[in-house]
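Student: Please take one helix of this model and look at it closely. Which way do its residues face, and what does it pack against?

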Amino acid sequence: MISFSIMAIAFGVVFLAELPDKTALAGLMLGTRYRASYVFAGVAAAFAVHVALAIAVGSVLTLLPHRLVQAFVGVLFLIGAAVLLLKKDEGEEAVKAPADQSFWKVSGAGFMLILVAEFGDLTQIMTANLAARYDSPISVGVGAVLALWTVAGIGILGGRTLMKRVPLPLITKVAALVMLALAGFSLYEAVAG
(Lines give C-alpha, C1' and ligand atoms only; values in the text may rest on other atoms or scores of the structure.)
Protein backbone atom coordinates (compact mmCIF):
# COMPACT_ATOMS: atom_id res chain seq x y z
CA MET A 1 0.00 0.00 0.00
CA ILE A 2 1.26 3.49 -0.86
CA SER A 3 1.61 6.04 1.93
CA PHE A 4 1.50 9.62 0.70
CA SER A 5 3.15 10.91 3.88
CA ILE A 6 6.13 8.54 3.44
CA MET A 7 6.25 9.46 -0.24
CA ALA A 8 6.33 13.16 0.72
CA ILE A 9 9.12 12.60 3.27
CA ALA A 10 11.18 10.66 0.72
CA PHE A 11 10.55 13.34 -1.89
CA GLY A 12 11.61 16.14 0.47
CA VAL A 13 14.76 14.48 1.77
CA VAL A 14 15.97 13.30 -1.63
CA PHE A 15 15.03 16.54 -3.39
CA LEU A 16 16.94 18.71 -0.90
CA ALA A 17 19.95 16.38 -0.90
CA GLU A 18 20.12 16.17 -4.70
CA LEU A 19 19.50 19.82 -5.58
CA PRO A 20 23.01 21.05 -4.72
CA ASP A 21 24.63 17.96 -6.25
CA LYS A 22 26.86 17.83 -9.31
CA THR A 23 24.18 15.94 -11.20
CA ALA A 24 21.97 19.03 -11.50
CA LEU A 25 24.94 20.86 -13.05
CA ALA A 26 25.67 17.98 -15.43
CA GLY A 27 22.02 17.89 -16.51
CA LEU A 28 22.09 21.64 -16.98
CA MET A 29 25.17 21.40 -19.20
CA LEU A 30 23.71 18.63 -21.35
CA GLY A 31 20.35 20.42 -21.48
CA THR A 32 21.93 23.58 -22.85
CA ARG A 33 23.59 21.66 -25.68
CA TYR A 34 20.98 19.08 -26.62
CA ARG A 35 17.24 18.57 -26.82
CA ALA A 36 15.96 18.64 -23.24
CA SER A 37 13.52 15.75 -23.66
CA TYR A 38 16.28 13.45 -24.94
CA VAL A 39 18.56 14.36 -22.04
CA PHE A 40 15.74 13.92 -19.53
CA ALA A 41 14.83 10.46 -20.88
CA GLY A 42 18.33 9.15 -20.26
CA VAL A 43 18.73 10.85 -16.90
CA ALA A 44 15.30 9.67 -15.70
CA ALA A 45 16.07 6.06 -16.64
CA ALA A 46 19.38 6.16 -14.77
CA PHE A 47 17.72 7.58 -11.66
CA ALA A 48 15.06 4.84 -11.78
CA VAL A 49 17.82 2.21 -11.81
CA HIS A 50 19.54 3.86 -8.85
CA VAL A 51 16.35 4.05 -6.80
CA ALA A 52 15.54 0.38 -7.53
CA LEU A 53 18.99 -0.62 -6.25
CA ALA A 54 18.62 1.57 -3.16
CA ILE A 55 15.17 0.15 -2.38
CA ALA A 56 16.52 -3.39 -2.69
CA VAL A 57 19.31 -2.62 -0.20
CA GLY A 58 16.89 -0.86 2.15
CA SER A 59 14.47 -3.78 1.99
CA VAL A 60 17.23 -6.20 3.00
CA LEU A 61 17.94 -3.99 6.02
CA THR A 62 14.35 -4.50 7.21
CA LEU A 63 15.17 -8.17 7.85
CA LEU A 64 17.50 -7.16 10.69
CA PRO A 65 16.29 -6.39 14.25
CA HIS A 66 14.36 -3.10 14.37
CA ARG A 67 16.56 -1.40 16.98
CA LEU A 68 19.74 -2.26 15.10
CA VAL A 69 18.29 -0.94 11.84
CA GLN A 70 17.12 2.29 13.52
CA ALA A 71 20.58 2.85 15.03
CA PHE A 72 22.24 2.13 11.67
CA VAL A 73 19.84 4.42 9.79
CA GLY A 74 20.32 7.16 12.38
CA VAL A 75 24.09 7.01 12.04
CA LEU A 76 23.85 7.09 8.25
CA PHE A 77 21.55 10.13 8.39
CA LEU A 78 24.13 11.82 10.64
CA ILE A 79 26.85 11.00 8.13
CA GLY A 80 24.67 12.33 5.30
CA ALA A 81 24.10 15.59 7.19
CA ALA A 82 27.84 15.90 7.85
CA VAL A 83 28.66 15.28 4.19
CA LEU A 84 26.25 18.04 3.14
CA LEU A 85 27.57 20.50 5.70
CA LEU A 86 31.26 19.78 5.12
CA LYS A 87 31.46 19.29 1.36
CA LYS A 88 33.13 21.95 -0.71
CA ASP A 89 31.35 23.59 -3.64
CA GLU A 90 31.84 21.50 -6.73
CA GLY A 91 32.76 23.33 -9.89
CA GLU A 92 31.18 22.52 -13.20
CA GLU A 93 32.79 19.39 -14.52
CA ALA A 94 33.43 18.84 -18.18
CA VAL A 95 30.78 16.63 -19.70
CA LYS A 96 31.66 14.73 -22.85
CA ALA A 97 28.78 15.36 -25.21
CA PRO A 98 27.52 12.95 -27.85
CA ALA A 99 28.65 13.59 -31.41
CA ASP A 100 25.14 14.08 -32.81
CA GLN A 101 21.60 14.93 -31.73
CA SER A 102 19.98 11.49 -32.15
CA PHE A 103 17.71 10.34 -29.33
CA TRP A 104 19.79 7.26 -28.54
CA LYS A 105 23.11 9.11 -28.47
CA VAL A 106 21.85 11.99 -26.32
CA SER A 107 19.73 9.92 -23.93
CA GLY A 108 22.50 7.31 -23.74
CA ALA A 109 25.02 9.98 -22.79
CA GLY A 110 22.66 11.29 -20.09
CA PHE A 111 22.00 7.76 -18.82
CA MET A 112 25.67 6.82 -18.59
CA LEU A 113 26.66 10.12 -17.01
CA ILE A 114 24.10 9.76 -14.20
CA LEU A 115 24.61 6.01 -13.80
CA VAL A 116 28.32 6.52 -13.14
CA ALA A 117 28.13 9.82 -11.25
CA GLU A 118 25.33 8.78 -8.88
CA PHE A 119 26.45 5.26 -7.99
CA GLY A 120 26.83 5.17 -4.20
CA ASP A 121 25.86 8.85 -4.03
CA LEU A 122 24.37 10.41 -0.92
CA THR A 123 20.83 10.34 -2.32
CA GLN A 124 21.10 6.65 -3.14
CA ILE A 125 22.23 5.96 0.42
CA MET A 126 19.45 8.17 1.81
CA THR A 127 16.88 6.30 -0.29
CA ALA A 128 18.10 2.97 1.10
CA ASN A 129 17.90 4.44 4.61
CA LEU A 130 14.36 5.65 4.06
CA ALA A 131 13.32 2.27 2.68
CA ALA A 132 14.73 0.57 5.78
CA ARG A 133 13.26 3.18 8.12
CA TYR A 134 9.69 3.17 6.84
CA ASP A 135 9.33 -0.39 5.50
CA SER A 136 7.27 0.95 2.60
CA PRO A 137 9.51 0.43 -0.43
CA ILE A 138 6.99 1.53 -3.05
CA SER A 139 6.19 4.79 -1.23
CA VAL A 140 9.87 5.58 -0.71
CA GLY A 141 10.73 4.57 -4.27
CA VAL A 142 8.03 6.72 -5.86
CA GLY A 143 8.94 9.71 -3.67
CA ALA A 144 12.66 9.33 -4.38
CA VAL A 145 12.21 8.88 -8.14
CA LEU A 146 9.88 11.87 -8.37
CA ALA A 147 12.37 13.99 -6.39
CA LEU A 148 15.28 12.97 -8.61
CA TRP A 149 13.26 13.54 -11.77
CA THR A 150 12.20 16.95 -10.47
CA VAL A 151 15.79 17.97 -9.76
CA ALA A 152 16.84 16.67 -13.18
CA GLY A 153 14.06 18.67 -14.84
CA ILE A 154 15.03 21.78 -12.92
CA GLY A 155 18.67 21.26 -13.81
CA ILE A 156 17.97 20.63 -17.48
CA LEU A 157 15.38 23.37 -18.01
CA GLY A 158 16.12 26.13 -15.58
CA GLY A 159 18.92 25.37 -13.18
CA ARG A 160 20.85 28.55 -13.69
CA THR A 161 17.85 30.73 -12.88
CA LEU A 162 17.06 28.79 -9.69
CA MET A 163 20.65 28.79 -8.52
CA LYS A 164 20.80 32.58 -9.00
CA ARG A 165 17.68 33.11 -6.85
CA VAL A 166 18.11 30.50 -4.13
CA PRO A 167 21.59 30.36 -2.60
CA LEU A 168 23.07 26.88 -2.83
CA PRO A 169 24.43 27.01 0.74
CA LEU A 170 20.88 27.62 2.02
CA ILE A 171 19.54 24.58 0.17
CA THR A 172 22.41 22.48 1.52
CA LYS A 173 21.82 23.63 5.11
CA VAL A 174 18.08 22.91 4.93
CA ALA A 175 18.82 19.40 3.59
CA ALA A 176 21.36 18.82 6.38
CA LEU A 177 18.86 19.98 9.04
CA VAL A 178 16.19 17.61 7.71
CA MET A 179 18.69 14.74 7.83
CA LEU A 180 19.75 15.69 11.37
CA ALA A 181 16.10 15.60 12.46
CA LEU A 182 15.62 12.18 10.85
CA ALA A 183 18.85 10.96 12.48
CA GLY A 184 17.67 12.15 15.89
CA PHE A 185 14.30 10.47 15.46
CA SER A 186 15.86 7.19 14.29
CA LEU A 187 18.40 7.13 17.12
CA TYR A 188 15.69 7.96 19.66
CA GLU A 189 13.62 5.01 18.40
CA ALA A 190 16.69 2.74 18.56
CA VAL A 191 17.33 3.66 22.19
CA ALA A 192 13.71 3.91 23.39
CA GLY A 193 12.25 1.17 21.25
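Tutor: What follows is a close look at helix α5. This is a predicted model: local features need pLDDT of at least 70, side-chain atom pairs count only at pLDDT 80 or more, and totals for chains, interfaces and linings use all residues. Residues are numbered from 1 along each chain as its sequence is written, and side-chain values use heavy atoms, with hydrogens and water left out.

Helix α5 covers residues 103-118; helices here are DSSP runs of H or I, at least four residues, numbered from the N terminus. Its 16 residues reach 22 Å from first C-alpha to last, close to the 22 Å expected at 1.5 Å a residue. That expected span is 1.5 Å times one less than the number of residues.

Now the faces. Val106, Ser107, Ala109, Gly110, Ile114 and Glu118 are buried (under 20% relative accessible area, 1.4 Å probe, protein chains only). They lie on the same side of α5, because they cover an arc of only 150 degrees around the axis, taken from the directions from the helix axis to the C-beta atoms. The face turned away carries Trp104 and Val116, both exposed (over 50%).

Next, the partner. The axes of α3 (residues 36-61) and α5 come within 7 Å and cross at roughly 35 degrees. Axes are lines fitted to C-alpha atoms over the stretch in contact, with angles from 0 to 180 degrees between N-to-C directions. In the contact (heavy atoms within 4.5 Å), α3 residues including Tyr38, Val43 and Phe47 meet α5 residues including Phe103, Phe111 and Leu115.

After α5 comes glycine 120, with a positive phi near 75 degrees.

Conventions:
Helix = DSSP H or I, 4+ residues; strand = E, 2+ residues; numbered from the N terminus.
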